[in-house]
Amino acid sequence: MAADTEGYREYVGARLEPLRHTAYLLCGDWHTADDLASTALVKLLRHWRRVSVMENPDAYLRRTLLRVWLDERRRPWRREAAWAQVPERPASAGGTEGTADRLTILALLAELPPRRRAVLVLRFFCDLSVEETARELGCTPGTVKSQSARAIEALRGRLVGASRGAEEVGTDG
Amino acid sequence: MDELVQQLRASVAGAPPTRIDVDELIAADRQRRRHRTWTMAGTGIAAAVAVVAVAPALFAGPGAQPGGLPLPPVGTGSPADEPSLCPVLTPKPSGPQPPLQTYDTVRARPTESPDAGVARLTAALRPALAANLPPGLTVDGFDGLVPDCDLVQFTYHPSYREYSAHARLARDGRINNFWVSLLPTAIHDPTDCSVASDPRGCTSELLDDGSVLVTSVDQASDRRHEHRRVLLQRSDGTSVVVAVNNYPVAGRDSPSGGAPLMVTVDQLVAVARTPGLTLYP
């Protein structure tokens, strides 16, 4: 077991930050991202003996993270609540340009359905090919292509809307 | 698309320090395993009975003769066919095994008893190693479940439902890690190099007997450590993995990083194709 633990520690040390980043883009919150990454790492530890001899342990870890995230979203306390009024939008004109962009892309990602968001993160952040993404999500490459196209289309539309909103805030102020 | 990639990368650029402590995760998992052991034990009396039953095996250690396990009948039943097996420690002192693997396999799982499987496979492996590994190598068995055993021997892992044999190869002060595993082929196991960590060092081939052979060579970025692996998916539903590397392993003599591995891919393939290494004899 000691040998397994050493190998596990070394493996996780090299991949912890990319794993957290991926989790963050999926859930949009660093605290939740750490929780998701922790849960995925515990699951990895329980199966480390088998995973460590796999051709691609990274794919296993990514799939575990995706499943953990999708499961987490289904928990009752994560379900979205309905409100009578639209909440206030973040004032993008108040921060620096980089901060505004970061908040904008995260807010736009959060508006996408989970699997569509996962497609974007896997394709454009994890640099996976269409086929690899399909394997990770357990769907066909055609589904990945269509989901990807729709997600980008939705992002584009919302980016235009967001920039108009920001302009309006600027002229009002 | 480049803009999207840049924005995604920029959004994680200012990541706060992580709260995750890997040592804490490992310790918590150990504690969880211990708690589950205690829960499963049920009552203190049951736990005491279990301790009494396991204690002799733990404290007596392996004997010089293979007296720890009754050898199951194998082959023709001739004593010469039966391998000399070292006693196996069960259960593992560190806690219960992980949950039973339940993935679908291409063929119904074998019904052979683990004891019979260990004896049969060990009897097939030892001559295969003698015939196919380079001459002059010292081959020592190394397995946490079979302490102080100089011979290579399979052990059965109930949770993973697989057999594995670990060995240490040594020659002229150089050391390599070597192991063989047998497990039922899963339905969704890839039969090509699509999941290889480095596709450049991977080949996939359909053999005449219907088996699929996948070989891969991974070299660490420091160019000092290398991992060679052969996966033979037999047409009978058995997956055989044979691998060698010179990665450092805690608690053992440090393998020889930088020096070429002592076993070639062809030799690994020869071991994997040993006829007796199957779950469906």
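**Strands and hairpins in a predicted model**

User: Which residue in the turn of the hairpin formed by S3(B) and S4(B) has a positive phi of about 50°?

Analyst: S3(B) and S4(B), strands being DSSP runs of E with at least two residues, numbered from the N terminus, form a hairpin with 2 residues between them. The model is predicted, so local features need pLDDT (the predictor's confidence in each residue, from 0 to 100) of at least 70, side-chain atom pairs count only at pLDDT 80 or more, and totals for chains, interfaces and linings use all residues. Residues are numbered from 1 along each chain as its sequence is written, while chains are lettered from A and ligands numbered from 1 in the order in which they are written. The turn residue with the positive phi is Asp172(B).

User: How many bridges join S3(B) to strand S4 (residues 174-184) of chain B?

Analyst: Two strands pair if DSSP finds at least two bridges between them. Arg171(B) has Arg174(B) in S4(B) as its bridge partner. The two strands run antiparallel, and the number of bridges is 9.

User: Which residue in S3(B) stands opposite Thr155(B)?

Analyst: Strand S2 (residues 155-157) of chain B runs antiparallel to S3(B), with 3 bridges. Their hairpin has 4 residues between the strands, and Arg161(B) takes a positive phi near 50° there. Opposite Thr155(B) stands Ser164(B).

User: How many of the 10 residues of strand S3 (residues 162-171) of chain B are buried?

Analyst: A residue is buried if 20 or more other C-beta atoms, placed from the backbone, lie within 10 Å of its own. S3(B) is largely enclosed by the rest of the structure, because the number of its 10 residues that are buried is 7.

How values were computed. Buried ≥ 20, exposed ≤ 12 C-beta atoms within 10 Å, placed from the backbone.
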